[in-house]
Amino acid sequence: AESDLYANYIAFTLALFAFVFSFYFGIRKITQRIKVLTNEIELIGAGTPDIIISDQKEDELGRLAKEINALVSELSEKNQALLVSEAALKDLVTSLAHDLRTPLTSLIGYLTLLKYENNPQEIGKLAARSEQKALQIKSISDELFSLFFIFLYYRFSQHFP
């Protein structure tokens with residue numbers, strides 16, 4: 001009876017040791033994967049969005065890695081589209097600024113001539129040209145402001161659905 005108790009005690013101790021040993025190495029494997037996943041996410045968060053999370057297993061952590069990769073890929077695509085749209089906006093603003101300067105320069109020239117003109121007929125022509133250039137500037141600036149508001153609407157609608 002005492003030997004059976006002793007055998008049961010040894011069997012229980014060995015089973016407990018086997019359980020703790022397998023549990024420790026099982027958890028260790030999972031925590032190592034979580035550490036790698038965390039480090040890769042930190043790299044992405046630090047501004048390296050072209051990193052792909054390496055965990056490709058078919059369990060919960062692997063599916064999480066796939067979802068994060070999909071989100072990073074989508075974010076990268078949106079970021080590229082944003083860079084392209086910002087470059088296009090910069091070109092548009094540069095073009096519109098040039099388009100505004102041209103009639104403005106003419107307007108300034110006509111107004112300068114108006115100051116020194118004594119002929120009433122010539123004053124009328126210069127005033128009409130000045131008005132035409134002022135209306136052209138107004139039209140271009142209205143277009144610029146409408147494009148700016150469209151850009152703001154687009155920009156904020158992307159961030160706040």
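Mentor: Let's start with the second largest pocket, whose lining is Ser85, Ala88, Leu89, Leu92, Leu147, Ile150, Phe151 and Tyr154. Bear in mind that this is a predicted model.

Trainee: Which elements give two or more residues to that lining?

Mentor: Those are H2 and helix H3 (120-159). The space in this pocket comes to about 150 Å³.

Trainee: How do the lining residues divide by class?

Mentor: Seven are nonpolar, one is polar and no charged residues take part. Tyr counts as nonpolar here, so Tyr154 of the lining goes with the nonpolar group.

Trainee: Now the helix pair. What makes H1 roughly parallel to H2?

Mentor: The axes of helix H1 (residues 2-45) and helix H2 (residues 60-116) cross at roughly 5° and come within 11 Å. Angles under 35 degrees count as roughly parallel, so H1 is roughly parallel to H2.

Trainee: Which residues make the contact?

Mentor: H1 brings Ile30, Arg33, Ile34, Leu37, Ile41 and Ile44, while H2 brings Leu61, Gly62, Leu64, Ala65, Ile68 and Val72. By class they split into 10 nonpolar, one polar and one charged.

Trainee: Why is one of them called polar?

Mentor: Gly falls in the polar class by the definition used, so Gly62, listed on the H2 side, is polar. Arg counts as charged, and Arg33 is on the H1 side.

Trainee: Staying with Arg33 of helix H1, is this residue buried or exposed?

Mentor: Arg33 has a relative accessible area of 14%. Buried means under 20%, so Arg33 is buried. Leaving aside neighbours within four places in sequence, Arg33 is in contact with Asp55, Lys57, Asp59, Leu61 and Gly62.

Trainee: And what makes Asn69 buried?

Mentor: Asn69, found in helix H2, has a relative accessible area of 15%. The cut-off for buried is under 20%, so Asn69 is buried. Not counting residues up to four places away in sequence, Asn69 touches Ile52, Ile53 and Gln56.

Trainee: Why is Gln136 called partly exposed?

Mentor: Gln136 sits in helix H3 with a relative accessible area of 34%. Buried means under 20% and exposed over 50%, so a value of 34% makes Gln136 partly exposed.

Trainee: How many residues apart in sequence are Gln136 and Pro103?

Mentor: They are 33 residues apart in sequence, and 6.9 Å apart in space, C-alpha to C-alpha.

Note on methods
Residues numbered from 1 in each chain as written. Predicted model: local features only at pLDDT ≥ 70, side-chain atom pairs only at ≥ 80, totals over all residues. Heavy atoms only, no water. Axes fitted to C-alpha atoms, helices over the stretch in contact; angles between N-to-C directions. Helix = DSSP H or I, 4+ residues; strand = E, 2+ residues; numbered from the N terminus. Parallel < 35°, antiparallel > 145°, perpendicular 65-115°, else oblique. Contact = heavy atoms within 4.5 Å. 1 Å grid on protein atoms, 1.4 Å probe; cavity = no way out; pocket = protein on both sides within 12 Å on 5 of 7 lines; lining within 4 Å. Points joined across faces, edges and corners; volume = space filled by probe spheres on them. Buried < 20%, exposed > 50% of the residue type's maximum accessible area, 1.4 Å probe, protein only.
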